Amino acid sequence: MKLTDRYFSRYFFYKLFKHKVLLIVSLVANILALPMMAIITSSSVEGIYNILANLTEEAPLSFETRTALENLAGSAENAFVICIFVFAALTIISLAAPTVVMSYNSKRSDSDMYLSLPISTKGRFLADSLAGFVIAVLPLAINFLGGFIFIQKAAGISSEHYELFNTLITSDIGHICVCNAYDTFFFAATTGIITVTAVYFTSLFFTCCTGRRAESIIYSLATPLVALLTINNLVTLILNTTRGITSWPELENIPAHMPVFGTLFAGMGRFTKARTVSSEMVPEVLAFPVSVIISAIIICLLLLFAAYICTKKRKAENTGKPFAIELIYKVVMTLLVVCFVGLLVVSFRNNQSGLAVSILILFAIYMALQLFHYKSIKKIPMHLLHLVLTSAIAFGGFTLIGLSEGFGYGNYIPNIDAVQSVTVGESYTGFINRDGLIYTDKENIEMVSQLHKKCVDDNIETGHQFRITYKLKNGTVVSRSYIDAISVHVDLGKEIGNTLLSSPATIDQIFGGEISGVESSFVLKEDLTASGLSEEGTKELMEAIKLDSNAKNLTNGKVIGAAELFWSNEESFNNFMIDVTENCKNILSVLKNKENYVYARYNHFYASSEKAAEPDSICMFIENLTVDNSSTDKNFYIRNKDKENDKIKALFELMEFSSYMLSQPYHVAINASPISMYVSEENADEAERLIKEIEAEREKNGDKPDFTDCLLFG
Amino acid sequence: MIKIQNVTKKFGAQNALDNLTLEIEKGCAYGLLGSNGAGKSTLLRLLSGIYIQDSGSITIDDIPVYDNPALKEKIFFVSDDTAQFTGMTLLQMKDFVKTFYKTYNEEVFNSLWEILKLPLDKKLSDFSKGMRRQAVVICGLSACTEYLLLDEAFDGLDPAMRYAVKQMLIDAIIDRGVTVIISSHNLKEIEEFCDTVGLIHEGKVIFSRELDSVKGNIHKVQTSFPEEVSKEDFADSDNIEILSLKSSGSVTALVVKGSTEDIEKAMEGKNARFCDIIPLSLEEIFIYEMKGAGYNYEID
C-alpha cells in the first residue's frame, strides 16, 4: 500500500462498522450452519458410527459416546432441512456482500460520496474486498474451528479418539482422505467454504464490472452455471467422439474444479454417494481431491485480479448502467450462446428430438437478455447478427472438435522416451480383478506402443477390452481403451502380444505375490497328453515358465502344447494360459513328469467315477461342436487308449491352441477341454469329418465313452 | 491554482466537456454558470476526482487530481444528488468526514450546527431536501479543506437558510481562504458572493472573468433615434457589440457589450436623442450571453 493511502485502515474499519448488521447476520448464520453441517455429515454418513465402534479395542467407546452418536444420527434428517436454509442464507450473504460494500458501483449518490474520498482506487478496492471477505467468508473459518469443538463435545468423543481419527493427508495420492467424523466434517466444511468463497469472489467480480445490483447478482449466479455447462458439453462431446477414450479423468474432473457450481455439485455428489455405500467405502468416496481446493483458490485469485482490473478500468459515470465494462457483458452473452450450441450439438448426437424446441429456447433467452440489457428494440438486427455469427462459430468449433476427435488427441501416442511406465489392461491379459500389467522397460513399452499404433492406424473402435495407460515422465497419464484390438489385428497383435506376454517382465508380474490354491491343466499334442497338475506340480511349472521366459523359449519354435494355470493371490483369483513350444525344455520337463499328473493323485481334481480315476481313463473331451454356425450339445470323449488312433491323431493335428487368452481369429469349430483348443474355419469340415468317422467306428464297435469316464478338472 | 487544460469528457457519443480550458485562482469564490446539461456537474466531478477526463489535464497546484489521495484530502465535494449520505445521521456523517479528512475541525462543526440546529440523531433520509443540503454543507465546511466544490448548493434552501449558508461560505472564504467553486442556477446568490464567474455552454467556456469585469462590460441601453436603426447599422462602431435591439414606438432598447464610453460614443454617432445606460443583473447577462452562444431562448 502506498503511503498516500493513509486512510486504508480507517476506510476498511469504517466499512466493517458501517455494515456491522450484515457481519452479525453472517456470523449468526455461520454459527448455525457449520455445527449443523458437522452433525449431519458425521451422523448421516453410514459407516462413521461403525468405524468408531470397531475401534473399541484400541480406544473403547463409552456408553455415553455411543448414545450421543445415536442421538446425533436420529436428529440428522431434521437438521439437514435446517442446514439447507442456513447454507442458502450464507450463499446469499456472500452474493450480496460485495454489492453492499461496493455500493458506489451501483448507486450514483454513493459514487459521489466514496469516490471523492482521499483514498486511491487500489486502496479502496482492496479495503472493500477485504471488508466483504471478512463479512462473508471469515465467519466460516471461525466457525470451522468452532464446529470441531462443537462436534467433539456433542458427540462426546475424547481426545484419544481424535488421535485415532486424525485427518489423514496423503500426499502420495493427492487426496485428503475423509475417514472419520472429523474428516467428514472437514469435507463438508471445505465444500462449504469453497462454495461460499467462490460465490463471494464471483459476485465481487461482477459487482466491479456491472453498474447495477440486479445485473451483478443475476450474472454472478448465471455465469458460473453457463461456464460449467459449456465445459461439460465440451467434455461430453470429446468423450463421445474421441476414439479410444472411454474415460478421461483429467477432462472429466474439470467441472469439479470449477467453482461455484462444479465444486458444489461434485461435493454434493460425493456426499450423497457416501450415504449409500458400505462403511469401508466411505473414506474412499469422500476423498476430496486437493486439486479442487487449489483450483478454487486459483480461480478466486483470478477473479480478484479481474475485479481489480475492472475497478481500474471502470468509469464512475457508468454507475447505474447495466454493465460498467461492456466487454464483460459481450463475453457473457457469447459464452451463453456457445453453451447452448454445445448443448444442441451434444443432444443432437444423442437424440434429434427436441432440437427445434431447444433452438427456440436459446433464441428466446438470448433475445430477452439483450432486450433487458439495452432496453431498446432498435438493436435487434445487431443482436440477431451476433447470435447467428456466434452460433455459427461455436457450431463450427464444436463440430471441429467432434470431427477431429478432440483435435487429434484420440490419435495421440506418447513418445516412448517420454513414457515412464505403461499399463496394459485386464481384458488383454485375461486376468480378473487386476489392474493390468505394468511395464517400465523400453523394449516392452515400445511393443505396447506398436500395438497402440496399430489400433490408431486401423481406427479400432472404443471399447473396454484392451486398455493402455501411459504414465509419462512429466506426470501426465494418457489412457486409451479399444474393443477387441488384438483379434482384429492378429497379424501384428498376436506376434507382439505373445512376445510381450512371454517376456520376463510379464511373467514376473503374473506370478508375483503370495499365491495359493494353485492348479493347472495342460495338453501336449505330440503324445496327446491332456491332464492336470497338482499344486506342487503347478508351482514347478511356474518356475519352469519363468526359466523358459528368460531364455526366450516361449515364442521360439513350433507350438506343441498349451498349459493353463489357476491360482489365487491376495488380490484375486487368476488364470493364465501359455503356449508350449518345442523349445520350452523346462516346461516340457515338468509336464512330462508323470509324478505330477493329477489323476495319479487327484487331490485337487476329482473323477466323476472310480472308473475315471484309473490311469487309462478319459483324459479329454471335445464339447460344443460348432460347424457352419450350427451348434450341437454333443461331447466327444478321448481316452488315453485312443491316443494310438490315427484319426484322433489327425484330429489333434488340426487343432490349435489359443494361448494367453487372446481372442483368436479362428472360426471356432471345436472347443476342447481341459484347455481351449480351436479348429480354424478352413479345417472345420475336415475336423467334423474325422469326428463323424471316429464316432461311426465307435458305434460299430459298441464303444461308447461317456461322462462317467471323465476326469473333471478344477 | 486550479488548471483545467483542453479537457474533453464524453458520455457515450455526447461531449459533456469539449476541449475545455479554465483557470481558477486559489482563494476565490468561483461561480460556475451554465444551462442544464452544460457540463457544470461533470466539471465539478472531474475536479473532485470522481470522474476521469478522456483527454486534457486537470491539476491543482500543478498536481493531477485523479486517483491522488494526497490532493483529494484538500477537496470536499458536495453533490447535487440529495440522496448522498441519506443512510446516515448527522452525527454519523460528521464521523465519516472526521475519519477521512484530517483537517476536520470540531469547533467549526459545532459553531455551524449552533446556527442551523439540525437533528443529530435523525437519519438524513428523514430530512427535507433543504435540511439535507444544510447538513452536507456544514459537514463540508467542517472538513476545512482547501477546496470546497458545491454543486447546486442553494437548491431547496429557503431564503433564510440560503442567507445563512451563504454567510457560512463567505466566512470560510474570509477566515480560512477556502477556494469555493459553486455551480448554481440561482444567479442572484452567485452574484452576491462570487468574485469570479465562468459560463459554460455545451461543454465549452463562454467566458470566465471577475464578476465586476463581466458586469462592467455589458449594459442595457434605452435610447431614441430619429430614424429606424438595426443591428447592422452599428457594424462600423468600434469596441461594442449589439447583443439585442428592440424598438417600441420611438424608444429603442439595446443590450450592448462594451464600455460605457464606447457605447455613448456609438449612440452619439447615430444621433441618439438621449441615452440611458443601465447595468445588467448577472441573470440578464447570463441570458444574453447564452443567447449569443446559440442557446435557443427568446426573451422580451
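I'll start with the sheet in chain B: four strands in an open sheet, ordered 2-1-4-5, with antiparallel pairing. This is a predicted model, so keep that in mind throughout. The edges of the sheet are strand 2, residues 14–24, and strand 5, residues 63–64, each of which pairs on one side only.

Strand 1 of chain B, residues 2–11, is joined to strand 2 by seven bridges in the antiparallel sense. To fix the register, take Val7(B): its bridge partner in strand 2 of chain B is Leu20(B). Across this sheet lies helix 1 of chain B, residues 40–47, which covers strand 1, strand 2 and strand 4, the last being residues 55–60. The helix runs at about 120 degrees to strand 1 of chain B.

Further along chain B there is a hairpin. Strand 9, residues 196–201, and strand 10, residues 204–210, are antiparallel and share six bridges. Gly198(B) has Ser208(B) of strand 10 as its bridge partner. Two residues sit between the strands, and Glu202(B) takes a positive phi near 50 degrees there.

Now the helix pairs. Two packed helices are described by the angle between their axes and the distance between the axes. In chain B, take helix 5, residues 129–142, and helix 6, residues 159–176: their axes come within 11 Å and cross at roughly 10 degrees. An angle under 35 degrees counts as roughly parallel, and these two helices of chain B, 5 and 6, are therefore roughly parallel to each other. From helix 5 of chain B the contact uses Gly130(B), Gln134(B), Val137(B) and Leu141(B); from helix 6 of chain B it uses Met161(B), Val165(B), Met168(B) and Ala172(B). By class that is six nonpolar residues, two polar and no charged.

Chain A has a pair to set beside it. Helix 6 of chain A, residues 121–136, and helix 14 of chain A, residues 290–313, have axes that come within 10 Å and cross at roughly 140 degrees. That makes helix 6 of chain A oblique to helix 14 of chain A. The crossing of helix 6 past helix 14 in chain A is right-handed. On the helix 6 side the residues are Thr121(A), Phe125(A) and Ser129(A), and they meet Leu304(A), Tyr308(A), Thr311(A) and Lys312(A) of helix 14 of chain A. This contact in chain A counts three nonpolar, three polar and one charged by class.

Next, the interface. Chain A puts 20 residues into the contact and chain B puts in 19. On the chain A side, the elements giving two or more residues are helix 1, residues 8–18, and helix 5, residues 108–115. Helix 5 of chain A gives the most, with six residues. The side of chain A that touches chain B divides into eight nonpolar, six polar and six charged residues.

Last, confidence. The model scores ipTM 0.84 and pTM 0.70. Chain B has a mean pLDDT of 87, with 97% of its residues at 70 or more. For chain A the mean is 75, and 69% of residues reach 70 or more.

Which elements of chain A have the lowest and the highest mean pLDDT? Strand 1 of chain A, residues 168–170, is the lowest at 30, and helix 6 of chain A is the highest at 93. Residues 160–179 of chain A stay under 50, although the model has 42 contacts for them beyond four places in sequence. Residues 660–668 of chain A are also below 50, with 29 contacts beyond near neighbours in sequence. Where pLDDT is low, the predicted coordinates should not be read in detail.

How values were computed:
Residues are numbered from 1 along each chain as its sequence is written. Chains are lettered from A and ligands numbered from 1 in the order in which they are written. This is a predicted model: local features need pLDDT of at least 70, side-chain atom pairs count only at pLDDT 80 or more; totals for chains, interfaces and linings use all residues. Axes are lines fitted to C-alpha atoms, for helices over the stretch in contact, and angles run from 0 to 180 degrees between N-to-C directions. Angles under 35 degrees count as roughly parallel, over 145 as roughly antiparallel, 65 to 115 as roughly perpendicular and the rest as oblique. Two residues are in contact if their C-beta atoms, placed from the backbone, lie within 7 Å. Ala, Val, Leu, Ile, Met, Phe, Trp, Tyr, Cys and Pro count as nonpolar, Asp, Glu, Lys and Arg as charged, and the others, Gly among them, as polar. Two strands pair if DSSP finds at least two bridges between them. A crossing is left-handed if the near helix is turned anticlockwise from the far one by less than a right angle, and right-handed if clockwise. pLDDT is the predictor's confidence in each residue, from 0 to 100.
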